[in-house]
Amino acid sequence: MTVPGISRSLENAARARAADLLAAMTLPEKVAQMTQVEKNSLTPDDVAKYGLGSVLSGGGGNPEPNTPGAWFEMVGGFQQAALQSRLKIPLLYGSDAVHGHNNMVGATIFPHNIGLGATRDPELVRRVGRATALETSAVGVRWDFAPAVSIPQDIRWGRSFEGYSQDTALVSELATAFVEGLQGDLGDPTAVLACVKHYVADGATTWGTSQRVDRAALEIDQTLANANMDERFLKLVAEGAWQLDQGSSDIDEETLRRVHLPPYGAAIGAGALSVMASYSSWDGLKLHAHRYLLTDVLKGELGFQGFVVTDWEGVDQIAPDFYESVVKAIGAGIDMVMVPFRYEHFMDTLLKAVEQGDVPRARIDDAVSRILYVKARLGLFESGAAPDLAEVGSAKHRAVAREAVRKSLVLLKNDGALPFAKDQPLLVAGSAADDIGYQCGGWTVSWMGGPGPITPGTTLLEGMRAAAPQADIRYQADGVFDVRAEVGLIVLAEEPYAEGMGDKEDLQLRPDQIALLERVRAQCDRLVLVLFSGRPLILTRQVPMCDAVVAAWLPGSEGQGVAEVLFGDYAFSGTLPFAWPASMAQIPLSRLKGQEPLFPLGYGLTTEARSG
Ligand code: GLC
C-alpha cells in the first residue's frame, strides 16, 4: 500500500535503497540504526563508530551558546560523523518543535496547540507547520516530535495545552494540516519528518494512576534532574504533579477507537511517517509493549508504513528487568528506541536478545527497513542545499505567528469594555503583561519554560504601546496605582510547566492572583481580564467582577497579536476548543455530562475590527 501523496516511483526508489542497505548491514549496524541517543550522552565519533540512527535534543537540549549558528554546527557535526560510518547512512536529528523551534533562542514561537485549536483554521495551521519546518531544517533538524494529537479528557493534565481540542474531528483536521505543512514536499531539503504522538489515548488517563514518580522516594532521576527540579518539585508534587501524566487510560476499545484513534489515521493519510508511542497504559499494558495497538492496529489496520519511536526512557518503564523490557518493546512493534542515555547498554541488550532468539531477526529487519525507507523518502541520502539561517525568526514567520495569536483569542465576556480606545488612559497590571516567558509557557528554551525575557519577541505591553502610541498606558505589575482610570487591564498567567509537572489538582486562580484582581477592580470603572494559560481555569467567581474576559492561551513570542485585537485593529474570532468548566466538579469531561459548563465548547464572542 503506498503512502498517499507519494509517487510510486519515489516510493519504489526509497524501498529499493532500503533493501540494498539492509542486505549490506551487519546485525550490530542494524541495532545501531534502531538507537536514538540524546546529544549530551555521546560524541560525533560515537555516531561514526556505531552508525547510530538518530540523535535528539530533548526539552532544553540546546548547544551553548543557544544560537541558530551553534545549532547548525552541533547538528552538522553529528551528521558529518554519520556520513563517516561504514555505510554512510545519514542521521535523523530530532527535536521537540511543538510551537516553533522552541528549544532554540531566536526562533519564532507560535501559539501552543490549544491556541491553534481555538483558531479552527487548518490553512493557518498548515502555514505554521511550514514556517516551523523552515526554522528547524535551517539548522539541520529534520525530525520534529510533533504534532501531538492528544485529546485531553481531564484538563488537570499538564499536557492539555499540547492538545488542539477535546473535539476529535477538529484534532484530525488540524493535525493533518500541520503534517502537510511540516513535511511539505518530502525530499525537499526543508521537509521535516512529522512524529504523531503519543500513540494512543495519552489524554485519557485517570487521575492518580501515574507511576512516573515514586512519591515516597522522590529521588530525582536524571530526566527530572535535567529539569532543574529542586524544592519546586516537592511543591508541585504536593499540588498534583505526575498524578495523571503517563497513567492508565481506563476506557473501553470503542471509546479508544472513536475518540482517540482517528487523528492517527488522518495524519497517516496526510503522509506522516513516524509515530511516537505513549508512556500511558491501556487495558493493563504499557503502550510501549502493546503489540495489538502498535502492530495489529497501527501498522496493520491503519497501514502505517513509517516507523514507531519510543518516548524518552519509555522502554525502561515496561518492566523492572531491562532485558525483558527491550524484548517486549521491540516484539510489540517499536522500531526505534529513544534510549536516551545509556545507549551502548541498550544496543548490547538488544543484540543479546536477537542472538538468544527472544527477538526475531525478521523483526529487526522490519524495523530497520522502515527507518531506512523514511530516511530515503525524506531525501536524507541526497545532499540538498543547506537551508537559509535567515529563516529563523524571520519577519514573515513572526507575521504568521501574530495572525495565529490574533485568531486564537477567545472573547468570553464583553460588556462594552473592548475594544480599547487608542487615546484613553489605561491601567495595566500583572507581571504577565510584560513577560515573554509567561506568554510562551512550557517547552520554550528550557523543558519547563519559565518567566522572563527568554527569547526575542514582543510582550503584550510592548504590543499595546506599539498599537496605541497615544494612549496613556500606566503599567504596575503589582496593581498599585496612584490614579484611577476608566479602564483597567489585568493579565494573569499560569506558572510555565511541561508534562506531568503541570498536573494540578486545583485549577482555581491563586490567592495572590485573586487579590491582584480585586486591587485593580477598585481602581477602574471597567476591568478587562486577559488570561495566559495552558487550559481553562476556574473563573466562575471572577467573571462577574470583570467587564471583559479574554482567554489568550499560550500565545508565544508575538504578544503584539494580542494587543492588536484588544485595540480593535482586528476582530475577535476564536472559539473554545475545550468546554470551560464552572467548577472542579465538572472535571474530567466525563463529569460534565448533563451539566452546563461556564462556557461551552465552541463558544466565543466576536467584535468588529476598527474600520480604516
Ligand atoms: C518527552 C515527551 C515527548 C518528547 C520526548 C523528547 O518526555 O513525552 O513528547 O517528544 O520526551 O523530548
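# A predicted model, from helix α6 outwards

Helix α6 is mostly covered, since 12 of its 16 residues are buried, where buried means under 20% relative accessible area, exposed means over 50%, and partly exposed lies in between (1.4 Å probe, protein chains only). The model is predicted, so local features need pLDDT of at least 70 and side-chain atom pairs count only at pLDDT 80 or more, while totals for chains, interfaces and linings use all residues. Residues are numbered from 1 along each chain as its sequence is written, and side-chain values use heavy atoms, with hydrogens and water left out.

## The chain as a whole

The protein chain holds 20 helices and 17 strands, which are DSSP runs numbered from the N terminus (helices: H or I, at least four residues; strands: E, at least two). The radius of gyration of the protein chain is 24 Å, close to the 25 Å that the globule rule gives for 612 residues, and the chain is therefore as compact as a globular protein of that length; the radius is taken over C-alpha atoms, and the rule is 2.2 Å times the number of residues to the power 0.38. Along the principal axes, the C-alpha atoms fill a box of roughly 75 × 50 × 40 Å.

Of the 612 residues in the protein chain, 64% are buried. Among the contacts with a separation of 6 or more, 79% are between residues 24 or more positions apart, a contact being heavy atoms within 4.5 Å. The exposed area of the protein chain is about 20,700 Å², of which carbon and sulfur atoms supply 52%; accessible areas come from the Shrake-Rupley method with a 1.4 Å probe, and for residues only the protein chains shown count as cover.

The protein chain carries 53 positive and 75 negative side chains, and the centres of these two sets lie 2 Å apart. Lys and Arg count as positive and Asp and Glu as negative, with His and the chain ends not counted, and the place of each charge is NZ of Lys, CZ of Arg, CG of Asp or CD of Glu.

## Two mostly covered helices

Helix α6 comprises residues 122-137, and at 1.5 Å a residue its 16 residues should span 22 Å, which agrees with the 22 Å between its end C-alpha atoms; the expected span is 1.5 Å times one less than the number of residues. Its buried residues include P122, L124, V125, V128 and G129, as well as A131 and T132. Among the elements that cover the buried residues of α6 are α5 (113-119), β4 (143-144), α7 (168-183) and α16 (395-408).

Helix α15 (residues 361-377) agrees with its expected span as well, as 17 residues should span 24 Å and its end C-alpha atoms are 24 Å apart. This helix is mostly covered, with 12 of its 17 residues buried, and those buried include the charged-type residues R363, R370, K375 and R377. G379 follows α15 and has a positive phi near 80°.

## Backbone exceptions

Most residues other than glycine have a negative phi, and most peptide bonds are trans. In this model, the peptide bond from A146 to P147 is cis, with omega near 10°, and P147 is found in the loop between β4 and α7. A cis peptide bond also joins Y199 and V200, with omega about 0°, and V200 is placed in the loop between β5 (196-199) and α8 (222-226).

Q246, which is not a glycine, has a positive phi of about 75°, and D283, which is not a glycine either, has a positive phi of about 55°. The surroundings of these two residues are set out below, together with those of R519 and F532.

| Residue | Place | Relative accessible area |
|---|---|---|
| Q246 | loop between α9 (231-239) and β6 (248-249) | 6%, buried |
| D283 | loop between β8 (281-282) and β9 (285-286) | 61%, exposed |
| R519 | helix α19 (residues 511-521) | 34%, partly exposed |
| F532 | strand β16 (residues 524-532) | 0%, buried |

## Sequence separation and distance in space

R519 and E505 are 14 residues apart in sequence, and their C-alpha atoms are 27 Å apart in space. When neighbours within four places in sequence are left aside, R519 is in contact with D478, G479 and V480. For F532 and Q222, which are 310 residues apart along the chain, the C-alpha atoms are separated by 30 Å.
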